[in-house]
Amino acid sequence: MPVSFTNSRLIYDALKECDIRMLSALPETWLVHLIRLADEDPEVILVRLAKEEEGVGVSAGAHFAGVKSAMLMQNHGFLASINGIVSFAHLYKVPLLMLITYRGTFGERDPWQTQGGNVTEPLLRALGIPYLFLDALETVKKRIRQAQTLAESSLQPVALLLTRDLMWEE
């Protein structure tokens, strides 16, 4: 499988260093190793979702229970979760850390992914959600820590876009 296990492991370990103890996700190719790592880790709760918007409620519940969490999703899943983000996470000041696979950009081979890639950043900006790219090994830990810190201090959604350069081995 061309998805990098090594880079996925680095991301996973960085999440744990931020004391993330709950992850929510739907199956997605670029997230396969992250989901498997969480599923096999007795220190982390993996919540398997039927649709991405449910992850907003899961993360809110975790926050109110004092547990740090993160949502793993594809950018099309981000699009599907916007109602929950706006009507719940923004409204009730939920620190929502979202790791979003940035599909549909340069190098994308699947035509059904391209439209999501075209609108992800404009929608993040329109919603006032701060975001950074996870695109190089040397910045993964720092950016995950910075994103988690901002989500917690500002009580708002924050996104990290996982790029092809980081997630894919060709």
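Colleague: In which helix is Glu 121 found?

Modeller: This is a predicted model. Glu 121 sits in helix H6, residues 114–126.

Colleague: What does Glu 121 contact beyond its neighbours within four places in sequence?

Modeller: Contact is a heavy-atom test, set at within 4.5 Å. By that test Glu 121 meets Tyr 102, Tyr 131, Phe 133 and Leu 161.

Colleague: And which side chain makes a polar contact with that of Glu 121?

Modeller: A polar contact asks for a pair of N or O atoms within 3.5 Å. The partner is Tyr 131, at 2.8 Å.

Colleague: Now the whole helix. How do I read the span of H6?

Modeller: Set the end-to-end C-alpha distance against the expected value. H6 has 13 residues and covers 19 Å from its first C-alpha to its last. The expectation, at 1.5 Å a residue, is 18 Å, and the two are close.

Colleague: Where does H6 bend?

Modeller: At Thr 120, by about 35°. A proline, Pro 122, comes within four residues after that point.

Colleague: Which residues of H6 are buried, and what covers them?

Modeller: Buried stands for under 20% relative accessible area. In H6 that gives Gly 116, Gly 117, Thr 120, Glu 121 and Leu 124. Their cover includes helix H4 (75–80), S5 and S6. Just after H6, Gly 128 has a positive phi of about 70°.

Colleague: On to the sheet. In what order do the strands lie?

Modeller: Read it strand by strand across the sheet. The order is S2-S1-S3-S4-S6-S5. There are 6 strands, the sheet is open, and the pairing is parallel.

Colleague: Which are the edge strands?

Modeller: An edge strand pairs on one side only. Here they are S2 (45–48) and S5 (131–134). From one strand to the next, the twist averages 25°.

Colleague: What packs on the sheet, and at what angle to S2?

Modeller: Helix H2, residues 32–40, does. H2 touches S1, S2, S3 and strand S6 (157–162). The direction of H2 makes about 125° with that of S2.

Colleague: Which residues of H2 are buried?

Modeller: His 33, Leu 34, Ile 35, Leu 37 and Ala 38. Helix H1 (5–17) is among the elements covering them, along with S1, S2, S3 and S6.

Colleague: How many bridges does S3 make with S1, and how many with S4?

Modeller: Count each pairing separately. S1 (residues 20–25) and S3 (residues 68–74) share 5 bridges in the parallel sense. One example is Met 22, whose bridge partner in S3 is Ser 69. S3 and S4 also run parallel, joined by 4 bridges. There, Leu 72 has Leu 99 of S4 as its bridge partner.

Colleague: Why is S3 called largely enclosed?

Modeller: Because 6 of its 7 residues are buried, S3 is largely enclosed by the rest of the structure.

Colleague: Last one, a loop residue. Why does Tyr 92 count as partly exposed?

Modeller: The class lies between buried, under 20%, and exposed, over 50%. Tyr 92 is partly exposed because its relative accessible area is 48%. Tyr 92 lies in the loop between helix H5 (82–90) and strand S4 (96–101).

Colleague: Which residues does Tyr 92 touch, leaving out those up to four places away in sequence?

Modeller: Phe 64 and Ser 87. As for Ser 154, 62 residues separate Tyr 92 from that residue in sequence, and their C-alpha atoms are 12 Å apart in space.

Methods
Residues numbered from 1 in each chain as written. Predicted model: local features only at pLDDT ≥ 70, side-chain atom pairs only at ≥ 80, totals over all residues. Heavy atoms only, no water. Pairing = 2+ DSSP bridges. Axes fitted to C-alpha atoms, helices over the stretch in contact; angles between N-to-C directions. Buried < 20%, exposed > 50% of the residue type's maximum accessible area, 1.4 Å probe, protein only. Polar contact = N/O pair within 3.5 Å; in protein donor to acceptor, adjacent residues only side chain to side chain. Expected span 1.5 Å × (residues − 1). Bend = angle between axes of the 7 residues up to and from the residue.
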